[in-house]
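This report introduces a protein structure to a reader who has not met it before. It considers the domains, then the cysteines, and finally one helix.

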Amino acid sequence: MTSNMNNIVIDAIVTRREDHTDEIAVFDLAAADGSALPAFEAGAHIDVVLAQDLIRQYSLSNAPGSAGYRLGILNDPNSRGGSKRIHASLQEGARVQISAPRNHFPLEMGAEHSLLIGGGIGITPMIAMAYALKAAGKSFELHYCSRSEAKAAFLNELKGEFGDRLVLHFDDAGDASRLDPKALCQAAQAGSHLYVCGPSGFMDWVIAQAKAAGMPDKQVHFEYFNAEVDISGAAFEVYAQASDITVQVGANESIAMALKAAGVRVQMSCEEGVCGTCLCDVIEGTPEHRDLFLTDDEKADNDQIALCCSRAKSARLVLDI
Ligand code: FES
């Protein structure tokens with residue numbers, strides 16, 4: 001393992017690859033030198049480094065405490081290169097660099113009950129959560145929404161591990177199979193927490209339904225794994241205080257782009273407002289948040305900004321970079 005830009009870089013090897021569907025492959029990773037990989041919590045993800053400028057995040061889907069890391073990766077036709085590259089190149093025995101696990105999507109283990117909802121490939125963090133809750137003897141239900149049974153990965157494992165706590169919702173199975181998040185939230189006992197991951201539209205819908213059912217924001221947890229962010233808007237000025245550099249952020253560039261052009265390095269990963277890697281403290285001014293990483297409360301605090309996508313409501317921002 002080597003340390004690079006505050007990230008641990010691990011040389012890993014693909015010990016097993018299984019193509020579960022025509023679009024989803026499941027990869028088991030171990031350290032290439034045979035050492036133990038860092039422990040992880042349910043909800044954690046790792047970076048997979050495909051090239052210097054092609055780093056993607058994937059959730060760990062195996063049971064926390066198990067030896068390796070398991071990733072389920074969709075070969076997304078809208079991929080900007082990451083998942084296509086992985087599907088084409090990561091065969092058994094292939095080497096790949098990964099980061100240590102990070103967790104922006106932790107479980108609230110004190111909850112009375114947990115509703116886990118995964119849409120499509122968004123099932124992956126939910127599987128690790130279900131394992132953690134099961135191991136702790138906690139009450140939970142795992143809802144897996146997929147277009148059809150043929151498009152659903154991990155099915156045998158989930159059925160075997162979670163039995164009647166697993167509820168499958170297939171789009172082609174008719175109304176009886178349809179997920180009703182509002183009804184689920186209304187039926188859940190007070191103090192239940194909801195976790196959702198999946199395509200953005202699906203997540204927006206589940207979150208809105210949970211809110212409509214009266215579930216408090218702090219009991220609704222989510223992690224977007226991709227997004228289309230509009231970075232455009234009116235130009236503004238940024239003073240990078242630690243670097244003592246002022247830049248103008250143009251109408252169609254991000255703060256990160258403007259800072260990079262002026263020689264200020266911004267650490268980024270997803271570049272689409274979902275991972276939190278580029279967060280920076282705001283010293284003065286008001287951000288216009290475009291990211292999907294910060295919670296509504298964190299956004300309202302206006303003391304952090306995602307430099308890859310967010311802009312300014314004020315004419316000037318002073319940032320701690
Ligand atoms: S780089 Fe991922 S949120 Fe900005």
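The model is predicted. Its protein chain is divided into domain 1 (2–99), domain 2 (114–222) and domain 3 (236–319). Between the C-alpha centres of domain 2 and domain 3 the distance is 33 Å.

**Cysteines**

With a disulfide requiring two cysteine sulfur atoms within 2.5 Å, the count comes to zero disulfides. Cys-197 is unpaired because the closest cysteine sulfur, in Cys-145, is 12 Å away, too far for a bond. Cys-280 is likewise in no disulfide, and the nearest cysteine sulfur to its own belongs to Cys-278. The table sets out the values for Cys-197 and Cys-280.

| Cysteine | Nearest cysteine sulfur | Relative accessibility |
|---|---|---|
| Cys-197 | Cys-145, 12 Å | 2%, buried |
| Cys-280 | Cys-278, 9.0 Å | 5%, buried |

Cys-197 counts as buried because its relative accessibility, 2%, is under the 20% limit. The value of 5% places Cys-280 in the buried class too.

**Helix α2**

Helix α2 covers residues 123–135 and has 13 residues. At 1.5 Å a residue, α2 should span 18 Å, and its end C-alpha atoms are indeed 18 Å apart, so expectation and model agree.

How much of α2 is covered? Of its 13 residues, 11 are buried, so that α2 is mostly covered. Among them are Ile-123, Pro-125, Met-126, Tyr-131 and Leu-133. The cover over these buried residues includes the strands β5 (54–59), β6 (69–74), β8 (114–119), β9 (140–146) and β11 (193–197), together with helix α3 (155–162). Just after α2, Gly-137 adopts a positive phi of about 70°.

Note on methods. Residues are numbered from 1 along each chain as its sequence is written. This is a predicted model: local features need pLDDT of at least 70, side-chain atom pairs count only at pLDDT 80 or more; totals for chains, interfaces and linings use all residues. Side-chain values use heavy atoms; hydrogens and water are left out. Domain bounds come from an automatic or database domain assignment. Buried means under 20% relative accessible area, exposed over 50%, partly exposed in between (1.4 Å probe, protein chains only). Helices (H or I, at least four residues) and strands (E, at least two) are DSSP runs, numbered from the N terminus. The expected span of a helix is 1.5 Å times one less than its number of residues. Contact means heavy atoms within 4.5 Å.
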